[in-house]
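Visitor: I should like to learn how the features of a protein model are read. Please give the general idea each time, and then the case at hand.

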Amino acid sequence: MDQLKQKWLDALGKPSYTKTYGKATLVSSFSTDEFDAEWYRQENGDGKTQRVLMLLPKHLEENSPAIVIPFYFPEALLAFDHATGEELEYYKGLEMMLHLVRRGYVVISADAYHLNYIDSDKDRRDFTRWQDAANSLRADHPYYSGMGKLVDDTRLLIDLLDSDGRVDSSRIGIAGHSLGGKMAFYTGCLDERIKVIVASDFGIGWHQTNWKDDWYWGKDAKRLEEAGFDHSELLTIAQKPFCLIAGLYDTDESLEIALRADGYENDGEKLKFINHATGHRPPMWTLDQGYDFLDKWLK
């Protein structure tokens, strides 16, 4: 098992700098009727920082469970920008931070590296920012994949939760959709501090989605597939509860891939598979089932 894990870690690669970062500084806070919120700046290498948002339930219990929710930027997971008062209509239905803080979880998310690795005047939803950031990352660190960067930055959020006295570090889960699903799946499988994973329509098979894009694996995706790397191996490493929500990129074939992992059966217990088959956006009932899965293993 250790050799299998090291194989994947070697493939993800390492930056040229020594990874001795992670310090987080509280920048500001605000409150709503439903939660309290804290904004941090967290060091994430090369003299750069990532914006981090943590939400805490109003009636926070000591040693509360927590969920890491990686995505493009935290405001999308609220469908609202508190700083500007803007409703983010495009992200309506994906308010995973809001859904889970209502269930009593401490939740945390951060900007993905396309927003903090390079300076850019482009809109944060402009996908060419991803290509620009990936090009710069590869030029600076030739032996570091975009996927490796996404995993490392997500693990920093676990570090922050792990050091927070309000959080029960033995009850941390991870959940994500699309890009966030990729980040949740990889990080959850490779970081032993994560106890349960929920991932929505991220495309677990190499051919199911855009793993070959430079901000993920780039040209290495084909090489890894030809070398026999299979995402079921990550589940074999993880040996932890996994809920996969399929819709467009993930299909019934995704269940077959997951079942190739050691220690998993299609019994709805350790492995739960939900295929709404209605498109990429998960209906609320599927998210609720995913949240119930988190509750089962963390509460």
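Guide: We shall take a helix, salt bridges, aromatic pairs and two individual residues in turn. This is a predicted model, in which local features need pLDDT of at least 70 and side-chain atom pairs count only at pLDDT 80 or more, while totals for chains, interfaces and linings use all residues. Residues are numbered from 1 along each chain as its sequence is written, and side-chain values use heavy atoms, with hydrogens and water left out.

Visitor: What span should helix α9 have, at 1.5 Å a residue?

Guide: Helices (H or I, at least four residues) and strands (E, at least two) are DSSP runs, numbered from the N terminus. The expected span of a helix is 1.5 Å times one less than its number of residues. Helix α9 has 15 residues, 284–298, and should therefore span 21 Å; its end C-alpha atoms are 21 Å apart, in agreement.

Visitor: Which residues of α9 are buried, and against what do they pack?

Guide: A residue is called buried under 20% relative accessible area, exposed over 50%, and partly exposed in between (1.4 Å probe, protein chains only). In α9 the buried residues are T286, L287, G290, Y291, F293, L294, D295 and L298. Contact means heavy atoms within 4.5 Å. The elements against which the buried residues of α9 pack include β4 (64–68), α2 (96–102) and β8 (167–177).

Visitor: How many salt bridges does the structure hold?

Guide: Side chains of opposite charge can pair when their charged atoms come close. A salt bridge is a side-chain nitrogen of Lys or Arg within 4 Å of a carboxyl oxygen of Asp or Glu. The structure holds 26 salt bridges. One of them joins R166 and E38, at 3.0 Å from N to O. R166 lies in the loop between α4 (146–162) and β8, and E38 in strand β2 (residues 35–43), so this pair ties together parts 128 residues apart in sequence. R166 is partly exposed at 27% relative accessibility, whereas E38 is buried at 13%.

Visitor: Where do R155 and D191 lie?

Guide: The side chains of R155 and D191 meet in a salt bridge of 2.8 Å, N to O. R155 belongs to helix α4 and D191 to the loop between α5 (179–190) and β9, so the bridge ties together parts that are 36 residues apart in sequence. The relative accessible area is 25% for R155, which is partly exposed, and 0% for D191, which is buried. There is also a network of salt bridges, linking R51, E75, D81, D111 and R124.

Visitor: How should a buried charged residue such as D250 be read?

Guide: For charge, Lys and Arg count as positive and Asp and Glu as negative; His and the chain ends are not counted. D250 sits in the loop between β10 and α8 (252–259). D250 is buried yet has no salt bridge, the nearest side chain of opposite charge being K182, 7.6 Å away.

Visitor: Which backbone nitrogen does the side chain of D250 reach at 2.8 Å?

Guide: A polar contact is a pair of N or O atoms within 3.5 Å; within protein, one must be able to donate a hydrogen and the other to accept it, and residues adjacent in sequence count only if both atoms are side-chain atoms. The side chain of D250 reaches the backbone nitrogen of F202 at 2.8 Å. In addition, a polar atom of the D250 side chain lies 2.9 Å from the backbone nitrogen of I204.

Visitor: How many aromatic pairs are there?

Guide: Rings of Phe, Tyr and Trp (its six-membered ring) pair if their centres lie within 6.5 Å; planes under 30 degrees apart count as stacked, over 60 as edge-to-face and the rest as tilted. The structure holds 23 aromatic pairs. W8 and W206 form a stacked pair, 6.5 Å centre to centre with 10° between the planes. This pair links distant parts of the chain, W8 being in helix α1 (residues 2–12) and W206 in the loop between β9 and α6 (220–226), 198 residues apart. Both W8 and W206 are buried. The rings of F202 and W211 have centres 6.4 Å apart and planes at 90°, so that pair is edge-to-face.

Visitor: Is S232 buried or exposed?

Guide: S232, in helix α7 (residues 232–238), is buried, with a relative accessible area of 6%. Its side chain joins that of D230 in a polar contact of 2.6 Å. Not counting residues up to four places away in sequence, S232 touches I257, R260 and A261.
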